[in-house]
Amino acid sequence: MASKGLWDCLFTLGFLFALPLSSQSQIFKLPPVLYQSGGRSARSLAVADVNKDGIPDVIVANGSTVGSGGVGVLFGIGGGTFKSAQTYPVLFEGADAVAVADLNGDGWPDLVVGSNGGVSDPTPSLSVLLNKGDGTFKAAIGYSAGFDIRSVAIADVNGDGKPDVIALDQADRHFIHSAVAVLLGNGDGTFDDAVTYELLGGTNALSLATADLNGDGKPDLVLTDADDKGNGIIEVLLNEGDGRFPTRVKYLSGVFGSSVTLEDVNGNGKPDAIVASATGSVAILSGNGNGTFSKAVLYPTGLAGNLTSVAIGDLNGDGTPDLVISGPLEFRPQNGKVAVLINNGGGTFKAPIIYGTGGLNAYSVAVANLNRDLKPDLVVADECDGYITSCPAGGGVAVLLGVPARTTTTLMTSGSPSLHGQQVTFTATIIAAYGPIPNGIRVTFYNNGTRIGTAKTMNGAAMFTTTALAVGTHTIRASFPSSPFFKASSATVSQVVN
């Protein structure tokens, strides 16, 4: 998050460059289901099976108001539904970021929560909550990592097999630069003192992501920031191999970035940077595989205002990563929204599809399979403080379950009438409500209700050839099967054989 003064400026920009919303498409079940988050102002979330019952749970960082910050845990009970939140206090007032991993090697997921608002050193801006072994958590243990923690990640940065914590401090102790703090883990749930790296911009860094950017097997860091001229940038900190990050390199992102994630969206095996902006667009910076990035390409999201989070998932079953962006963040009653951008297959994206969350400000979004049907679902942390009648009291968690896409099948013959023994080809073309039909789906062909063969889809079509049709009139039917991603459809064509 940025300071309120900066957000006020960004809100004005977002309003001026507001984009019209696209029409709805049924990727997710509507309306969303809202749950209380266990505190005020749900800011960040993660999805993990913290009680190891095989059902995903939701963990939410709540609030930035003194006395109301904490982390809420919503146990999944199956079918994409959840129990009421259990709330755990953190050691400093506002919980803005949360990450989940097994920190002490006991096989149970633990929590790291980042807080904001510190005014003295040391400030326990990181809270570590160890799992008791049943999905409940011990009292928080505090670590100093800065004053204003906005993003947290967990990764083994020094290669010792023990999880380490990386925290982004928007305002370092001198309130001049943002900084990133690295706390090396001891493998027992405790951590060494933070080693801090000051960033190149001002106090504008808002988001952190980790991935191996140069193929050396070590996690590197990417952060959103802005330079001294106000240009949006990402900063890349390459790992020296031992968990040190002495070199910072910046790349223009084309947007003031509020969230960054790393994923290979163009299918070349190299992580790309996806940056959601404070002015309604998303930037894609293609990774070159050596820790450098190509020039940013911007896509509109259809959301007017300050975007807050970007998540990745294959939403239409074509094997390519799609984007989900949450927003807008505004300091007035405003319906929270998420935008879905379907990948065209090569790292470019279709026009956005917009969904309402039922809340106020959609702060954070995650993609996960909540009901174990293989279709990705969405979970949104939504500041839901009663301004909207559909909101639960306090912070909100919105759940949007994925639904299969509607399909339409058409069927054509290579020629009718045909002669007995002549080769005839039937072509079934399938179109989905959103995104392409994946290659390799088996379409079944019937002659007067009797199965005569199958063919696999290729570029949205399946072709079946036969010479075995008897003399007479035949009703040929092609049947496209249902799946977690697609609804079934069929079509017929008449074939006359002389």
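**L374.** I started with L374, which counts as exposed at 62% relative accessibility. This is a predicted model, so I take the number as computed, with the cut-off for exposed being over 50%. I then looked up the backbone: phi of L374 is positive, about 75°, although the residue is not a glycine. I found L374 in the loop between β28 and β29 (377-383).

**N459.** I wanted another positive phi outside glycine, and N459 has one, near 55°. Is N459 buried or exposed? I get a relative accessible area of 68%, so N459 is exposed. Its place is the loop between β34 (450-456) and β35 (461-466).

**Cis peptides.** I checked omega next. The bond that joins L30 and P31 is cis, with omega about -5°. I placed P31 in the loop that runs between α1 (4-16) and β1 (33-36). I noted another cis bond from S416 to P417, where omega is near 10°. P417 sits in the loop between β31 (407-413) and β32 (424-432).

**Whole chain.** I stepped back to count elements, and the protein has one helix and 37 strands. How much of the protein is buried? I have 56% of the 498 residues down as buried. For contacts with a separation of 6 or more, I see that 54% are between residues 24 or more positions apart. The exposed area comes to about 18,900 Å², and carbon and sulfur atoms supply 53% of that.

**Confidence.** I looked at pLDDT before going further: the protein averages 88, and 89% of the residues score at least 70. Where does pLDDT stay under 50? I find that stretch at residues 1-24, and the model gives those residues 47 contacts beyond four places in sequence. I note that α1 has the range 4-16, so that helix falls inside the stretch where pLDDT stays under 50.

**G72.** I picked a glycine in a strand, G72, in β4 (residues 70-74). G72 counts as buried because its relative accessibility is 0%, and the cut-off for buried is under 20%. Which residues does G72 touch, leaving aside those up to four places away in sequence? I listed S37, V58, I59, V60, N62, Q86 and T87. I also took a C-alpha to C-alpha distance: G72 and P89 are 8.9 Å apart in space and 17 residues apart in sequence.

**L200.** I moved to a leucine in a loop, L200, between β15 (195-198) and β16. L200 is partly exposed, with 42% relative accessible area. Beyond residues up to four places away in sequence, I have L200 touching H177, D225, E235, R248 and K250. For one of these partners, R248, I looked up the spacing: L200 and R248 lie 48 residues apart in sequence, while their C-alpha atoms are 7.5 Å apart.

**Largest pocket.** I went looking for open space and found about 1,000 Å³ in the largest pocket. Its lining takes in 39 residues, and those nearest the centre are L45, V98, V152, V310 and S364. I then sorted the lining by element: two or more residues come from each of β2 (42-48), β8 (94-101), β12 (149-155), β16 (208-211), β20 (257-263), β24 (309-313) and β28 (361-368). Which element gives the largest share? I have β20 down for that, with six residues. By class, I sorted the pocket lining into 25 nonpolar, ten polar and four charged residues. Two of the strands on this list had come up earlier in my notes: β16 borders the loop of L200, and β28 borders the loop of L374.

**Cavity.** How many cavities of 30 Å³ or more does the structure hold? I found one, and the largest cavity has about 30 Å³ of space. I wrote down its lining as S418, L419, G421, Q422, V424, T466, T467, A468, L469 and V497. By class I get five nonpolar, five polar and no charged residues. I checked the lining against strands already in my notes: V424 falls in β32 (424-432), and T466 falls in β35 (461-466).

Methods. Residues are numbered from 1 along each chain as its sequence is written. This is a predicted model: local features need pLDDT of at least 70, side-chain atom pairs count only at pLDDT 80 or more; totals for chains, interfaces and linings use all residues. Side-chain values use heavy atoms; hydrogens and water are left out. Helices (H or I, at least four residues) and strands (E, at least two) are DSSP runs, numbered from the N terminus. Buried means under 20% relative accessible area, exposed over 50%, partly exposed in between (1.4 Å probe, protein chains only). Contact means heavy atoms within 4.5 Å. Accessible areas come from the Shrake-Rupley method with a 1.4 Å probe; for residues, only the protein chains shown count as cover. On a 1 Å grid over the protein atoms alone, a cavity is a set of points where a 1.4 Å probe fits but cannot get out, and a pocket is an open set with protein on both sides within 12 Å along at least five of seven lines; lining residues have an atom within 4 Å of a point. Grid points are joined across faces, edges and corners, and a volume is the space filled by probe spheres set on the points. Ala, Val, Leu, Ile, Met, Phe, Trp, Tyr, Cys and Pro count as nonpolar, Asp, Glu, Lys and Arg as charged, and the others, Gly among them, as polar. pLDDT is the predictor's confidence in each residue, from 0 to 100.
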